[in-house]
Amino acid sequence: MCSELRHHPARLDEMRNRAPSTLIVLSGWATVRPTRKPSRPLRLMADRALGLRDRPALRSAHRWMSRLKREVQVCVLSSGSAGNCTYVGDGHAGVLIDCGLSTKQIMTRLEEMGLGAAPIDAVLVTHEHGDHIAAAAVLWRALAARGRPVPFYMTRGTAGGLPLHVQPDGIEFVRPGDTVAVSHLQAECFPILHDTAEPIAWRVHLGEETVGVVTDLGCPTAIVAEKLSGCDLAVLEFNHDEEMLRTGSYPESLKQRIKGNRGHLSNSQAATLLGQGLSPRLKTLVLAHLSEANNSPTKALESALGVLHNRGVSDEITVHIGRQREALAPLRVGAFSGVRASRS
Ligand SMILES: [Zn+2]
Ligand SMILES: [Zn+2]
C-alpha cells in the first residue's frame, strides 16, 4: 500500500483531506487523541509509510500522526507484600514491572483483564525480594515458549541476590540511571532506598506518556520526587499507617525494618513524596503496596486526597488503590475518568 500511495499523488491529496480515521484503518491503530506534537516513533512510522520522498505528503502525514495515539494501558495485576506485578503496554509492545506472583496467576489475571494476548517484550525487575521476583525463572520459560526469549532487566546487585531456583535465563544488566529500549518503549530506571543490594524503580516512556511504578521506598528522596513529577500515571507506595504499625502484632524487629530508612513508606511519608513530586502532568495515581495488616484503603486514600485537596487538584486526578488478590481494571494513561477517587 505504501508504494501504491507514493505513486498516486491524487490519492495522497485525498488522504490529506480525510479525517484521521482514514489513517487508523491504514495503520491498524486503535485510538484517536489530540497530542501536542508527533513523537519520534510516530514520525518514523510516517516516514516509512510514505517512503520518505514526498515532503508535502510527509508533513501532512506527520500532522495526522500527531493526532493519533496508541492506547497506553496500565494494569496493576497485584500489589502488596504477597506479590507485585504491573503490566504497561500500548497494544504493540509492553512490559511487566516485577513478577512477584506465580506465572499462572500473572497469565490468568492478564487474561481476565482482556490482556491475554498483550505483548510482553521485557520484564523490568526492581529488586530481589520474593514479592517482586518469585516467578522469574518460570515466567522466563513461559514467555520463551511463546516464541522468543524475553529479557529480564535488573541490576547486578539484584541478580546477585536471586536464589538459584528463581534466576531466569536472559538476564540483562542495567545500572541505576540507565534507559533501555524495549521495542518502541523506553524503560528508565533510577535508584531507590530499600534494604536490598541495588534496588531501582522504573519509568516507562511510551511516546509522550510516562508511567512510573515506585514502591518499596525507605523514605522520600529528591530523585524519586523528580521522577514522579514527570509521570502521567504513577503507581506509588502507601505501605502502612504509622499508628497501626506501632500498635500492631508484628515483632519489634520487623516494625523497625518496615519503618526504617530502607524499609517502606508510611502513608504520611508517601503523602509528603506525592506533594514534592506533584505536577500538572499527573492524571492517574494508584496507591500501591498497602500492608494488609498495618494499613487500610481508607487511611491511604485519606492521606493521598489530603495532599491533592490542599493543592487544589483533587478534581483533576483519579486515584485508585492497588489490590493484592485481584487485578485492577486496566487504566488508560493520560485519561481522566471524571471519578475523583475510586477503589475499583
Ligand atoms: Zn515489596
Ligand atoms: Zn522489597
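Two strands pair if DSSP finds at least two bridges between them, and strands themselves are DSSP runs of at least two residues, numbered from the N terminus. With these terms in hand, the predicted model can be described from one hairpin outwards.

In the hairpin of S9 and S10, 2 residues lie between the strands, and Gly 207 takes a positive phi near 60°. Strand S9, which covers residues 200-206, also pairs on the other side of the sequence with strand S8, and the two pairings are set out here.

| Strands | Bridges | Direction | Residues standing opposite |
|---|---|---|---|
| S8 (residues 185-191) and S9 | 6 bridges | antiparallel | Cys 189 and Trp 202 |
| S9 and S10 (residues 209-214) | 5 bridges | antiparallel | Arg 203 and Gly 212 |Is strand S9 buried or exposed? Of the 7 residues of strand S9, 6 are buried, so this strand is largely enclosed by the rest of the structure. In a regular strand the side chains alternate between the two faces of the sheet.

The view can now be widened to the chain, which contains 14 helices and 14 strands. Of its 344 residues, 46% count as buried, and among the contacts between residues at least 6 apart in sequence, 66% join residues at least 24 apart.

The largest nonpolar core has 82 residues, and those with the most contacts inside this core are Val 95, Val 123, Leu 236, Leu 287 and Ala 304. When residues up to four places away in sequence are left out, Ala 304 touches Phe 238, Ala 271, Leu 274, Leu 285, Leu 287 and Val 319.

Key: Residues are numbered from 1 along each chain as its sequence is written. Chains are lettered from A and ligands numbered from 1 in the order in which they are written. This is a predicted model: local features need pLDDT of at least 70, side-chain atom pairs count only at pLDDT 80 or more; totals for chains, interfaces and linings use all residues. A residue is buried if 20 or more other C-beta atoms lie within 10 Å of its own, exposed if 12 or fewer, and partly exposed in between; C-beta atoms are placed from the backbone. Helices (H or I, at least four residues) and strands (E, at least two) are DSSP runs, numbered from the N terminus. A nonpolar core is a set of buried Ala, Val, Leu, Ile, Met, Phe, Trp, Tyr and Cys residues joined through C-beta atoms within 7 Å. Two residues are in contact if their C-beta atoms, placed from the backbone, lie within 7 Å.
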